[in-house]
Amino acid sequence: MARRPATPLEATRANRPGPGPARKASRRRPSRGGGRLWRFVVSVFLLLGLGMAGWLVSIARDLPDTSGLIEVERAPSLAFYDHEGRLIARRGSAHGRLAVIEELPDYVTDAVMAVEDRRFYSHFGVDLIGTARALLANIRAGRVVQGGSTLTQQLAKNLFLTSERTVQRKVQEVMLAFWLESRFTKDEILELYLNRVYFGGGAWGIEAAATRYFGKTASELNLGEAALLAGLLKAPSRYSPVNDAQRAAARATVVLDLMAQTGRITEQERIDAAQTPIRVSRGASSPGAQYFIDWVAQDTRALVGSHHGDLVVRTTLDVNAQRSAELAVSGIMDDPELALGAGEAALVALAHDGSVRAMVGGRNYATSQFNRAVLAHRQPGSAFKAFVYASAFEAGLTPDDIRDDAQIRLGDWSPQNYNDEYRGPMSLREAFSRSSNSVAVRIAEETGRGHVARLAARFGIESPQRVDRSLALGVHEVTPLEMASAYAPFANGGYRAPAYGIASIETREGEVLYAASPAAGEVVMDARTLAQMSDLLQTVVRSGTGRRAAVAGLAVGGKTGTTNDFRDAWFAGYAGDLVAVVWTGNDDNSQTLRATGGGPPARIFSAFMSGAPRSGLDAHPSRLPLQMAEPVAEAPSVVEPIPAEDPIAAFLAGLGRD
């Protein structure tokens with residue numbers, strides 16, 4: 001019988017392995033899906049690697065040119081010294097001469113490495129340990145509190161890169177660090193770093209810093225000075241001994257501790273260095289002297305040209321008097337109860353020949369470089385009355401002459417006294433010491449306004465002075481510098497003394513390119529008028545509005561000045577070897593809290609004169625033959641009197657006070 005064909009299902013069942021002897025199973029082939037995943041992962045990594053390589057190549061292409069690494073481009077520099085030969089400042093190139101590492105004491109380089117890169121001689125440009133430690137500290141703090149850059153990385157950034165914080169800049173920094181390590185020895189890298197790093201105060205490099213802060217070369221630094229300079233590198237402005245001596249000393253102590261902990265100095269060396277006083281150069285300790293430097297720097301190249309290279313400028317400034325001026329200004333102006341709403345101040349002090357010994361152009365040079373001592377034109381108020389009374393005495397009046405301190409009216413103009421108080425008949429001496437407006441206007445009208453204006457110009461007032469009815473009250477603007485120059489004749493025997501600040505200019509080799517001629521002072525005041533004015537000016541300080549300007553042990557003469565609405569306050573006067581003018585007020589010409597010339601300015605004047613040197617500052621003009629200088633026929637700054645009906649005159653009523 002024939003068999004029927006097997007159905008598909010039966011055939012399938014027949015092919016299944018039965019319960020009989022097991023047949024050896026064949027090995028399964030691996031799934032193709034796993035191979036595809038592996039190839040995908042490899043491809044991704046290859047693509048990422050190629051992308052990273054391309055990115056690095058693109059970054060490398062943007063690396064700056066390193067061909068000029070060794071050369072330091074120096075512009076011609078100006079070194080400014082005071083009248084005793086003490087360095088005040090440098091302008092132009094901020095770099096000193098290049099330091100040679102073999103000439104530096106070991107503790108100079110050890111101090112820098114202790115705070116900036118302890119493993120400098122053991123890493124290859126990047127300190128992995130330091131980087132990991134800084135990263136961990138930053139993660140814990142949740143912000144950047146530590147940096148892991150090596151000296152080599154810092155050098156790369158200082159030489160070639162900006163300070164922006166981006167991944168690209170950091171990668172470039174690492175690349176350049178590797179390049180520097182392959183190109184130079186460790187000593188060469190350290191030497192490059194010391195010559196290029198910024199130490200604050202405009203000083204780039206260890207040599208410039210040693211000169212800037214200590215007036216010596218880097219090879220002459222002691223251990224404490226080296227620690228102080230190394231401490232500046234973290235934050236030059238914050239730890240500057242000029243800005244905060246105590247903070248700088250504390251930072252130097254930290255550096256010494258690190259040097260001892262890392263075995264770079266012994267414990268006894270640390271103690272000895274900490275106990276040795278660090279003396280900062282007097283010029284460096286007077287940041288306000290930069291106002292004076294700005295003033296003389298603009299004239300230096302004009303006097304000798306620009307083709308002489310480095311120059312030495314010997315000035316008339318005295319750093320001790322300058323420091324006293326800065327302390328006097330800050331001591332009063334930093335106290336709101338004494339400043340009385342005045343936000344700014346200026347002080348300028350001259351020797352009797354007009355040489356500037358101190359100049360403060362504002363409270364803080366870093367905040368504002370506007371030199372108020374030279375550039376600010378403000379109303380002098382009653383400080384101008386010195387010229388009114390001098391002209392009256394030249395016309396024949398005397399301090400004992402009597403005038404009525406009562407309201408006076410000139411057409412539609414009636415000036416007022418301070419607080420609208422009038423005391424009736426009084427001597428000119430008393431009227432001057434009390435700063436009577438009505439008496440000042442009376443004698444100006446008697447003498448002639450034109451004569452008053454010409455005398456002021458003859459003494460040194462260069463700003464235009466309108467010959468109007470309010471001239472006697474000091475309503476026309478002047479600068480503190482020209483006021484100081486114009487007050488000098490009251491102190492020096494009656495001689496004109498134009499202000500100047502440059503004594504000589506030399507090349508670095510000592511060739512004298514310019515020397516100021518001895519001041520040939522014209523006689524601008526006769527002996528009788530001088531004696532009478534000395535009487536009045538000293539009475540102001542003894543018993544008048546300027547009592548706060550008194551200085552123990554010195555004969556002081558001067559005059560206060562306050563303008564309308566208490567916007568400007570002045571004291572102009574002299575003591576010992578100096579003439580000084582102080583102004584306080586606000587840059588926007590806003591009102592103060594009733595600050596008068598007998599308040600903040602007089603206090604600053606007294607503090608300055610009390611702290612300034614009592615000797616070594618005097619300088620007299622070379623006397624011309626004892627004859628009066630010819631009166632100015634018509635001073636260029638004088639204009640014709642304004643008509644009585646001028647409506648502006650009414651507005652000027654009562655402007656001059658104090």
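Which residues have the most contacts inside the largest nonpolar core? In this predicted model, they are Phe387, Tyr389, Tyr487, Phe490 and Met533. The core they belong to has 73 residues. Tyr487 shows what such a position touches. Residues up to four places away in sequence are not counted here. Beyond these, Tyr487 touches Ala383, Ala386 and Phe387. Its other partners are Leu537, Lys559, Ala572, Gly573 and Val579. Another core lies apart from the one that holds Tyr487. This other core has 50 residues, including Tyr213, Ala218, Ala226 and Ala252.

The overall figures come next. The protein has 658 residues, and 50% of them count as buried. Its secondary structure comes to 23 helices and 17 strands. Contacts across the sequence were also counted. Among contacts with a separation of 6 or more, 72% are between residues 24 or more positions apart. The protein exposes about 31,200 Å². Carbon and sulfur atoms supply 53% of that area.

Helix α18 spans residues 437–447. Of its 11 residues, 8 are buried, so the helix is largely enclosed by the rest of the structure. The buried residues begin with Asn437, Ser438, Val439, Ala440 and Val441. Ile443, Ala444 and Thr447 are buried as well. Gly448 follows α18. The phi of Gly448 is positive, near 110 degrees.

The loop ahead of this helix was examined too. Ser436 is found in the loop between α17, residues 428–433, and α18. Is Ser436 buried or exposed? Its relative accessibility is 4%. Ser436 therefore counts as buried, because the limit for a buried residue is under 20% relative accessible area. Neighbours within four places in sequence are again left aside for its contacts. Ser436 is then in contact with Lys385, Asp405, Asn417 and Ala431.

The surface also carries nonpolar side chains. Phe124, Leu128 and Phe178 form a nonpolar patch there. Together they have about 310 Å² of accessible area. Phe178 sits in helix α6, which covers residues 167–183. Its relative accessible area is 38%, so Phe178 is partly exposed. That class lies between the limits of 20% for buried and 50% for exposed.

Methods: Residues are numbered from 1 along each chain as its sequence is written. This is a predicted model: local features need pLDDT of at least 70, side-chain atom pairs count only at pLDDT 80 or more; totals for chains, interfaces and linings use all residues. Side-chain values use heavy atoms; hydrogens and water are left out. A nonpolar core is a set of buried Ala, Val, Leu, Ile, Met, Phe, Trp, Tyr and Cys residues joined through side-chain atoms within 4.5 Å. Buried means under 20% relative accessible area, exposed over 50%, partly exposed in between (1.4 Å probe, protein chains only). Contact means heavy atoms within 4.5 Å. Helices (H or I, at least four residues) and strands (E, at least two) are DSSP runs, numbered from the N terminus. Patches are made of residues with over 30% relative accessible area and no salt bridge: like charges are joined within 9 Å, nonpolar side chains (Val, Leu, Ile, Met, Phe, Trp, Tyr) within 5 Å. Accessible areas come from the Shrake-Rupley method with a 1.4 Å probe; for residues, only the protein chains shown count as cover. A salt bridge is a side-chain nitrogen of Lys or Arg within 4 Å of a carboxyl oxygen of Asp or Glu.
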